[in-house]
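Student: I've got this model open and would like a close look at a single part of it. Could you pick one loop residue, walk me through its surroundings, and then place it in the rest of the fold?

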Amino acid sequence: GDLMRRWRRWTIVAGLVPLLAACGPFRPMEAVTPPVQEHSVITFLDLPLKLWLRIASHQAARTETGLLVARLKIENFLDTDRWVDIQIIFRDKEGFEVEKSNWEPILLHRRKVTDYQINSLSPKPADYRILVREAKG
């Protein structure tokens, strides 16, 4: 009886180990200077933003003159209005930066989705990256 109980406990522990390992290695918080925004379209430069702000959608379009238009819907989950700064980096087909917008302060109303749209200055860009930071005002 005692051996059986010990065997059962050991199998439970053995079953837990792969589960914990599946969570992946512990990743420390990102470095202060983020690497070039390669993988995700959206980069939050201040981590707390992730807790209350969401880019609900983003899409690219072209104007009649061929300029790239980035359209975002930004959702604020908080019960207060909050300011953020947004910058768009426009990139060419190879992923090189061809232009970037100035940091633009945007007021996000509480519990609302705010629309934001910006055009590139030339038809060169093929793609864009979105940077969001706490308002520096």
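Tutor: **A close look at Asp46**

Let's start with one polar contact: a polar atom of the Asp46 side chain lies 2.6 Å from the backbone nitrogen of Glu134. Bear in mind that this is a predicted model, so treat that distance as a computed value from the coordinates.

Where does Asp46 sit? You'll find Asp46 in the loop that runs between strand S1 (42–44) and helix H2 (49–52). Glu134 isn't its sole partner over there: setting aside neighbours within four places in sequence, Asp46 is in contact with Val132, Arg133, Glu134 and Lys136. To get a feel for the sequence separation, take Leu131: Asp46 and Leu131 are 85 residues apart in sequence, yet their C-alpha atoms are 9.9 Å apart in space.

That kind of long-range link fits a count for the whole chain. Of the contacts with a separation of 6 or more, 64% are between residues 24 or more positions apart.

Now follow one of those contacts outward. Arg133, which is in contact with Asp46, also has its charged end over the ring of Trp103, 4.0 Å from the ring centre. There's another arrangement of this kind to click on: the charged end of Arg82 sits over the ring of Trp52, 4.7 Å from its centre. Trp52 brings you back to the Asp46 loop, as helix H2 (49–52) is the element at one end of that loop. What you won't find is ring-on-ring pairing, since the number of aromatic pairs in the structure is zero.

Zooming out, the chain has two helices and eight strands, and along the sequence they come in the pattern α-β-α-β-β-β-β-β-β-β. Three of the strands form an open sheet, ordered S2-S3-S7, with antiparallel pairing. At its edges are strand S2 (53–62) and strand S7 (113–119), each of which pairs on one side only. From one strand to the next, the twist averages 15°. As a reminder, sheet strands pair through backbone hydrogen bonds, in either a parallel or an antiparallel way.

If you want to check the register, go to strand S3 (residues 68–76): S3 and S7 pair in the antiparallel sense over seven bridges. A handy marker is Leu72, which stands opposite Tyr116 in S7.

One last number for the overall picture: the chain has 137 residues, and buried ones make up 31% of them.

Notes: Residues are numbered from 1 along each chain as its sequence is written. This is a predicted model: local features need pLDDT of at least 70, side-chain atom pairs count only at pLDDT 80 or more; totals for chains, interfaces and linings use all residues. Side-chain values use heavy atoms; hydrogens and water are left out. Helices (H or I, at least four residues) and strands (E, at least two) are DSSP runs, numbered from the N terminus. Contact means heavy atoms within 4.5 Å. A polar contact is a pair of N or O atoms within 3.5 Å; within protein, one must be able to donate a hydrogen and the other to accept it, and residues adjacent in sequence count only if both atoms are side-chain atoms. Rings of Phe, Tyr and Trp (its six-membered ring) pair if their centres lie within 6.5 Å; planes under 30 degrees apart count as stacked, over 60 as edge-to-face and the rest as tilted. A charge sits over a ring if NZ of Lys or CZ of Arg is within 6 Å of the ring centre and within 35 degrees of the ring normal. Two strands pair if DSSP finds at least two bridges between them. Axes are lines fitted to C-alpha atoms, for helices over the stretch in contact, and angles run from 0 to 180 degrees between N-to-C directions. Buried means under 20% relative accessible area, exposed over 50%, partly exposed in between (1.4 Å probe, protein chains only).
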